[in-house]
Structure formats: C-alpha cells, structure tokens
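Visitor: I am new to this structure, and I would like a close look at the empty spaces enclosed inside it. Please walk me through their surroundings too.

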Amino acid sequence: LLWVISGNQANGPPNIEMLFKNLTLSVFVTVILIFVEAVRFATTKYVYKIDASLPFFLPVPIGFGTFGSVNKILSPLMDRKALYQITYAGSFAGLAIGLILLFGGFDKSEIILANASMTDGYKVNLGSSLLLSLAAKSFFGVEIGSGHMLSVNALTFAGWMVVLITSVSLMPLGELAGGRIARAIFSRIPALIINRVLWFTVLALGILHWSGWLVFAFLVFIVSYGHRTKVFNQISPVSSWQKALGIFMLLFALFVLIPLPHSFYRILGMHCPYL
C-alpha cells in the first residue's frame with residue numbers, strides 16, 4: 001500500500017486508474033510472497049514438526065514496501081541438514097515462481113528510453129541488476145545504451161519484484177534465509193566470517209550509496225538480536241548436492257542484487273550510463 005500511495009503522489013494528483021493498476025499488482029505480488037512464506041512455514045511446522053513463528057515482513061516506506069521476511073525457529077534442530085531443509089524450500093519456491101513470470105513475459109517486453117511515455121506496463125532499470133542486464137542483452141541482441149530501460153507488462157514486473165525481494169532475503173545475514181543457509185552448508189567459522197563481512201558491506205553501502213541499506217541493517221539486527229537458531233549437531237555436514245544447491249542460491253542472489261559492473265558495459269557492447 002505504501003508503494004501504491006508513493007507511486008501516485010510522485011505523479012501529482014491521485015490517478016484512479018493508476019491507483020487500481022498498482023493496487024492490483026501489489027496484491028498479486030503480496031499473494032506470491034505470502035505463498036512462499038507459507039511453504040517455508042508449512043515445511044517447518046508440519047513436515048519437520050518444528051515450532052516456528054509466523055513470518056514477519058521487514059517494512060520499508062519506499063519501493064515495494066518490504067525487504068522480504070524472516071521468522072523465528074523456536075525449537076532446537078537436530079543437525080545442520082534440518083536447518084538447511086526447512087530454510088531453502090521457501091526461497092527456492094520464490095525464485096522459481098519469480099523467474100517463470102519474469103522470463104515468461106520477456107517476449108512481450110521492449111527496450112525504451114527512460115523518458116519515453118507509456119500508457120501501460122512498467123519500466124525497469126536495466127543497469128540495476130547484473131542478471132537483468134545479461135538477460136535483456138541475450139534476449140534482444142541489441143546494443144543497450146545510456147538511459148535505456150526495459151518496458152514490461154504487469155506479470156513480468158511482478159516476477160521481477162518477487163525475484164528481487166527473495167534475493168534480498170537470501171543475503172547471508174543474521175536470521176535471514178541466506179544467513180541460515182550459510183550456517184547450514186559451511187562450518188561455524190566460515191559462516192561467521194561471511195556474516196561479518198556482509199554486515200560491514202551493507203553498512204558501508206548505507207553510508208556511501210543508499211541510506212535504505214541502513215534501515216535494512218537495523219531491521220535485520222532487531223529481528224536477529226538475541227535469537228539464533230539452535231542446532232545440536234554442528235559437526236555432521238549436509239550432503240554434497242545440498243551444499244552445491246545452497247551455494248548456487250546464495251551466488252544467484254548476489255547475481256541479482258549486484259548492478260552491472262562498469263567494465264562489463266564495453267565487454268557486452270553496452271553503453272555505460274555513468275559516462
């Protein structure tokens with residue numbers, strides 16, 4: 001709702017048609033996110049018989065209105081394998097649904113200038129994500145220049161929002177899904193090092209680049225402080241294929257969240273918008 005209101009205020013007087021359009025999209029994306037968290041909660045509560053809280057969505061008064069969600073596992077777990085299995089299910093479902101919607105609508109998308117007028121659809125910044133940049137470049141096969149954006153329909157945009165929000169929750173930080181997956185697939189010391197490095201990176205980005213990361217760090221700290229999922233057996237590792245899948249999901253989230261690096265523009269035949 002915050003995303004809907006802010007989107008309309010930015011365009012001047014309230015536009016009823018735009019309000020309904022954005023509200024419809026918001027409801028659709030919210031339903032997908034709730035479904036993803038329901039998968040995670042059901043896996044925890046009913047498949048593995050582990051007591052857990054309902055998910056708490058981390059609010060932010062800009063963008064789409066949330067950084068993702070986190071829940072608390074209230075019962076101790078037997079081993080790292082259990083921690084991995086109850087964590088990755090929801091994240092995998094979110095990425096799968098989001099990617100299907102995103103790439104399923106690429107054939108109905110087009111590359112436009114940022115200032116081009118649009119009567120329908122949504123604009124996405126092509127340089128905002130390494131994944132999105134490479135996907136658009138490979139699909140359209142044209143030179144993407146400065147100020148170019150991707151015009152997508154509502155379903156494709158919803159898919160991108162789901163992928164983006166799920167990727168944020170996959171950051172190996174605190175009690176986010178990524179933090180739990182990192183603790184499950186790595187031993188305690190490597191997971192701790194990754195966690196500390198990422199905390200420093202997020203805080204640095206918040207100070208130097210975008211203050212929203214400071215809000216994100218604060219919310220994750222509040223939710224995670226004083227609570228760490230207890231695992232009895234820290235020695236027995238997860239299987240090799242589970243470890244490989246976990247690492248892939250963490251790297252994929254990084255692939256989604258990192259903007260297109262400066263040096264990649266020339267390699268990919270794309271004009272760098274920062275020059």
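Guide: Here is a tour that begins with the enclosed spaces and then moves out to some of the helices and loops.

Please keep in mind that this is a predicted model, in which local features need pLDDT of at least 70 and side-chain atom pairs count only at pLDDT 80 or more, while totals for chains, interfaces and linings use all residues. Residues are numbered from 1 along each chain as its sequence is written, and side-chain values use heavy atoms, with hydrogens and water left out.

Let us start with the method. Rolling a probe the size of a water molecule over the atoms shows where empty space is left. A cavity here is a set of points, on a 1 Å grid over the protein atoms alone, where a 1.4 Å probe fits but cannot get out; its lining residues have an atom within 4 Å of a point. Grid points are joined across faces, edges and corners, and a volume is the space filled by probe spheres set on those points.

The structure has 3 cavities of 30 Å³ or more. The largest cavity has a volume of about 80 Å³. Around it you will find Leu33, Val36, Glu37, Arg40, Phe57, Gly68, Ser69, Ser91, Ile165, Thr166 and Ser169. At least two lining residues come from each of helix H2 (16-47), strand S2 (66-70) and helix H5 (154-169), and H2 gives the most, with 4 residues. Helices (H or I, at least four residues) and strands (E, at least two) are DSSP runs, numbered from the N terminus. By class, this lining has 4 nonpolar, 5 polar and 2 charged residues. In that count, Ala, Val, Leu, Ile, Met, Phe, Trp, Tyr, Cys and Pro are nonpolar, Asp, Glu, Lys and Arg are charged, and the others, Gly among them, are polar.

The second largest cavity has a volume of about 50 Å³. Its lining consists of Glu37, Arg40, Ser69, Val70, Asn71, Glu175, Leu176, Ala177 and Arg180. Two or more of these residues come from each of H2, S2 and helix H6 (177-185). This lining divides into 3 nonpolar, 2 polar and 4 charged residues.

From the cavities, let us follow H5. Of its 16 residues, 13 are buried, so H5 is largely enclosed by the rest of the structure. Buried means under 20% relative accessible area, exposed means over 50%, and partly exposed lies in between (1.4 Å probe, protein chains only). At 1.5 Å a residue, the 16 residues of H5 should span 22 Å, and the end C-alpha atoms are 23 Å apart, which agrees. That expected span is 1.5 Å times one less than the number of residues in the helix. Where H5 starts, a side-chain oxygen of Asn153 comes within 3.4 Å of the backbone nitrogen of Leu155. This falls under polar contacts: pairs of N or O atoms within 3.5 Å, where within protein one must be able to donate a hydrogen and the other to accept it, and residues adjacent in sequence count only if both atoms are side-chain atoms.

Next comes H3. Its 25 residues (80-104) should span 36 Å at 1.5 Å a residue, and the end C-alpha atoms are 35 Å apart, which agrees. H3 also has a kink of about 30°, centred on Tyr88. The bend at a residue is the angle between axes fitted to the seven residues ending there and the seven starting there. At the start of H3, a side-chain oxygen of Asp79 reaches to within 3.3 Å of the backbone nitrogen of Lys81. Ala82 belongs to H3 and counts as buried, at 12% relative accessibility. Ala82 and Ala184 are 102 residues apart along the chain, and their C-alpha atoms are separated by 8.4 Å.

Asp79 leads us on to Gln234: 155 residues separate the two along the chain, and their C-alpha atoms are 6.2 Å apart. Gln234 sits in the loop between S7 and H9 and is partly exposed, at 40% relative accessibility. Ser239 is also found in the loop between strand S7 (231-233) and H9. The side chain of Ser239 makes a polar contact of 3.1 Å with that of Trp241, and another of 3.1 Å with that of Gln242. Gln242 lies in helix H9 (residues 240-257) and counts as buried, at 3% relative accessibility, whereas Ser239 is partly exposed, at 27%.

Notes:
On a 1 Å grid over the protein atoms alone, a cavity is a set of points where a 1.4 Å probe fits but cannot get out, and a pocket is an open set with protein on both sides within 12 Å along at least five of seven lines; lining residues have an atom within 4 Å of a point.
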